Amino acid sequence: SFDPESFTSIQTALTQVCTIALREAYPDISVEQTVQPSGKPEYGDYQFNAAMQVAKELKNRGINTNPAEVAKAIVRKLKATRIIEKVATVGGFINIWLAQPFCQNLVMEIVTEGVKPPKLLKRQRVLVDFSSPNVAKQMHVGHLRSTIIGDSIARLFEFLGHEVLRINHVGDWGTQFGMLIAHLQDKFPNYVNELPPIEDLQMFYKESKTRFDSDEEFKKRAYDCVVRLQGHEKDYIKGWQLICDVSRKEFQKIYDQLGISLVERGESFYQSRMESVVKFLRENEHLEMDDGRLIMFGLEKGQIPFTIVKSDGGFTYDTSDMAALRQRIEEEKCDRIIYVVDNGQSGHFRVLFSCAEKCNILDPSKVRTDFVGFGVVLGEDKKKFKTRSGDTVKLQDLLDEGLKRAENTLNSKGRDEVLTPEEFEKAKKAVAFGCIKYADLCNNRMNDYVFSFDKMLDDKGNTAVYMLYMMTRIKSIAANSNVTPAQLAEAAKTEKIPVKHPKEWKLVKTLLRFNDELSKIVDDLCLHHLCEYLYDIATAFSEFYNACYCIERDAKDGQIVKVNMDRLLLCEATARVMEKCFWIIGLTPVSKM
Ligand code: ARG
């Protein structure tokens, strides 16, 4: 029977109850079906649509029936629970109405105990590989997308109570280090003893690349440097560290501003593990000789192979990902490994998972791997995102522009006059970085997305600015009626969450969708569901607020006549749920805006 202790979400609970009834009515039919939200209010709040499939299955076995009969048979077996108020069938559809007292209690719990994650069936170790820029190269908008999406996915799993490893798989071990170190030796001969003042690492990279491409002598030295670096010669490691440090500081500035934490574990971390994974693959006869290199084919036909060892004996990006995946499964004992990388690399990861399965590093029935791809960032002209002069956009410049634009937006609304300088500064940052994150997350990540500050900073529609405004508005309702948090807490002991008005009831049901939405995202890792959900809450709240007075005032003198505490409690619950969504998205709420 249904165990209320294991309650995780309305959808799962209803699915359990309905599935039990289905099994009782038709013990030898194994149809799996989840309860879905109804499309229209007249069809109840949720629907269970297993009857059509069951009827079809019965027909196949020569038993003549129809979906309507099946639906009725299932309903007859439905046990009464405190979740369901009423059930009705329309043809083969089973429509379900939620019970108000049950929902009132759940929403009250949000007020008294905060938004709690659903009961965890098993705590998992989840690794999120995200951001992952390359040393000495520009951290570009693609990396920004990975950073934002990855952070949000990590936050979701953290909120749910899983153990999350936030891994920055920095590209810090490529052959480009040969030319960088050779150039370092020439430009700063004393680099081992004296910190070289490299200010513009991109410039430094360009200089060394130009020399590499035009100077044969330099090229030879660069190759020699790679060999010595990988042989861990002291001065070479020192040069490599210096260059990584410069990059690291630049990356960190971006992460700090965006409030994102990451553990750096770059490709170099896997050097010895690359050696051992190559040995392992060689011994198990997974490698083939091809034109001097060692390659490995995955399980799928026609797949391009991985290059495991180059003809010069060096390792590749493929090798490092094989070694990293093995480390994550065998050493880290991860249950789930999530890679947040642009769609351009989907092929690479398909081959990676396929090769890893073939050589038994990965058992998909034990470890789940996800490639979380995303589209490219476009300019407002729908072309590749570039500056006016045609250069790639520097991330820091982008964030700076966001701050400036946010400042203008706030000024144009006269906020500079209402807010203290500190409040203004806080609001500015929340708006600037919030809008960049939100604009990225609210689109389906698989699509390309057009980067437009004008659109991001719009205060209408599903934008961060709208959400932040909405939140400050909700928070100000109780404050404006001089109700203190203590009074609200006191009221929570005696009052009930209001559900009489249709808009109250609609808002209550919207708030209780939170867990359903999260479990959807846990599966498809698409954060736009959460932004859409936030928009639904904001809409349901506006409708409620327009239709239902929280505070009643005298028409003549504007004096407060009546404070509807129960409605203020519903406002409070709304703010709590929205705040949790903000947290997962990485949006900082502001007290005043
Ligand atoms: N550094 C790579 C790039 O910028 C992304 C690395 C993604 N993670 C991984 N395990 N391959 O393209």
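Select helix α3 (residues 67–77), which lies across β3 and β4 and runs at about 160° to β3. Helices (H or I, at least four residues) and strands (E, at least two) are DSSP runs, numbered from the N terminus. Axes are lines fitted to C-alpha atoms, for helices over the stretch in contact, and angles run from 0 to 180 degrees between N-to-C directions. This is a predicted model, in which local features need pLDDT of at least 70 and side-chain atom pairs count only at pLDDT 80 or more, while totals for chains, interfaces and linings use all residues. Residues are numbered from 1 along each chain as its sequence is written.

Next, select the strands beneath discussion. β3 pairs with β4 (residues 93–98) in the antiparallel sense over 6 bridges; two strands pair if DSSP finds at least two bridges between them. Ile-84 has Leu-98 in β4 as its bridge partner. The open sheet of 4 strands follows the order β1-β2-β4-β3, with antiparallel pairing. Its edge strands, each pairing on one side only, are β1 (36–37) and β3 (84–90).

Now colour the domains: domain 1 (4–98), domain 2 (176–264) and domain 3 (405–585), with bounds from an automatic or database domain assignment. Between domain 1 and domain 3, 6 residues of the former are in contact with 5 of the latter; contact requires C-beta atoms, placed from the backbone, within 7 Å.

Finally, select residues 467–593, listed by UniProt in an unreviewed entry as "domain: DALR anticodon binding"; such annotations may be inferred rather than shown by experiment, feature names are shortened, and positions are given in the numbering used here. Over residues 467–593 the chain is 68% helix and 6% strand.

Terms used
Contact = placed C-beta atoms within 7 Å.
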